[in-house]
Amino acid sequence: MIRLNTLIAQLLFLVPKSLVEIFAKQYIAGETLSQALEKTRELNDLKIGVTLDFLGEDPQKKRECLAAVDLYKKAIKEIHNRNLKSGISLKPSQMGLKINKQFCFDNLHDLIDHARKHMVFVRIDMEDTSLKEDTIDLYLKLKKEFENVGIVMQAYLRSAIADINGMIQAHANIRLCKGAYYWEDRKVAYKDMNIINSSYAYLMEKLLSNNCFTGIATHDEKLLFEAMKLIDKLGVSKEKYEFQMLYGVQEDLRKIIHDHGHSIRVYVPFGKDWFAYSVRRLKENPKMVSYIFTNGIKNIFSH
């Protein structure tokens, strides 16, 4: 089944976009900011926090980056005006990192400053390893000036322990995930899922035991159990961690965690670039293929 899932995931780009949309739409809040804000309010009404993620990577021109900056500024203002419990997630490539590092820094600085004035938290996403060092450098520079900024760290990287040690020294706010870019070379990323899970658990313990706020970002129930053990063992206060999940994924498990008194944050992606996002998510985690296709078929026949 795992091999079949992997094969399906690898071939998704050959499937008509309209067909993929049937299965993907429940994992995307919509194409517009207005739709994303509506979903944010719905989740907030369930006492669930949100991080808005405007889809789109690798813009080729500065004006495309600046358009993303403008949209995020509007999102920040709307979050504040509507009194929503939501932050935003920024991709360095979308802010122009592949075009010019200083240009990217200026865009990040502008948005984080704007967010600070509106009491909104900003998470800097981690992309592939070609951008990792620059992303960390940008974050550390920005953190010296701003408190409302955090970063994502990936457990599947071989450099993860050293990277996390540096983050601990900086008292960073971390979203810890397994890793999102399936094509990374074995030289820089673990390929064995048992090792990746072990790395995740080890990094999570380091962060929680060193008083770093940790966003425990996983749908893996084994890792969620490891998190529960650590929280109990270390006596971690609820202000120092939260569980983070993706919109539309494992909603039953999300409710279980929430009902047991733990804070939950849901990443809510939106935008017209939903197809590439959906395919990449499936490729990075082939196990989700069966889950998504099963639920998608149920949805088709329930309407």
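## Worked exercises on a predicted model

On the other side of H10 from its buried residues, Asp 252, Lys 255 and Asp 259 are exposed. Keep in mind that this is a predicted model.

**Exercise 1.** Work out which residues of helix H10 are buried, and what covers them.

*Solution.*
- Step 1: Look along H10, which spans residues 251–259; Leu 253, Arg 254 and Ile 257 are buried there.
- Step 2: Check how they sit around the axis. They cover an arc of only 105 degrees, which puts them on the same side of H10.
- Step 3: Now look at what lies over them. The cover includes helix H3 (33–45), helix H9 (221–234), strand E7 (241–246) and strand E8 (264–270).
- Step 4: Carry on just past the end of H10, and you meet Gly 261 with a positive phi of about 90 degrees.

**Exercise 2.** Find out how strand E6 is placed between its partners E5 and E7.

*Solution.*
- Step 1: Start with E5 (residues 174–177). This strand runs parallel to E6, and three bridges join the two. One pair to look for is Arg 175 with its partner in E6, Gly 215.
- Step 2: Go on to E7. Here four bridges join the strand to E6, again in a parallel run. Ile 216 has Phe 243 as its bridge partner in E7.
- Step 3: Follow the chain from E6 through H9 to E7, and you trace a right-handed β-α-β crossover. E5, helix H8 (residues 193–209) and E6 also make a right-handed β-α-β unit.
- Step 4: Check the two faces of E6. Thr 214 and Ile 216 are on one side, Gly 215 and Ala 217 on the other, and all are buried.

**Exercise 3.** Trace the salt bridges of Asp 137 and say which parts of the chain they link.

*Solution.*
- Step 1: Take Lys 101. Its salt bridge with Asp 137 has its closest N and O atoms 2.7 Å apart, and the cut-off is 4 Å.
- Step 2: Place both ends. Asp 137 lies in helix H6 (residues 132–143) and Lys 101 in helix H5 (residues 101–117), so the pair ties together parts that are 36 residues apart in sequence.
- Step 3: Take Lys 141. Asp 137 forms a salt bridge with this residue too, at 3.3 Å between the closest N and O atoms. Both residues lie in H6, four residues apart, or about one turn of the helix.
- Step 4: Ask how open the ends are. Asp 137 is partly exposed at 26% relative accessible area, Lys 101 is partly exposed at 29%, and Lys 141 is partly exposed at 45%.

Conventions: Residues are numbered from 1 along each chain as its sequence is written. This is a predicted model: local features need pLDDT of at least 70, side-chain atom pairs count only at pLDDT 80 or more; totals for chains, interfaces and linings use all residues. Side-chain values use heavy atoms; hydrogens and water are left out. Buried means under 20% relative accessible area, exposed over 50%, partly exposed in between (1.4 Å probe, protein chains only). The arc is that of the directions from the helix axis to the C-beta atoms. Contact means heavy atoms within 4.5 Å. Two strands pair if DSSP finds at least two bridges between them. A crossover is right-handed if, with the strands pointing away from the viewer, the path from the first strand over the helix to the second runs clockwise. A salt bridge is a side-chain nitrogen of Lys or Arg within 4 Å of a carboxyl oxygen of Asp or Glu.
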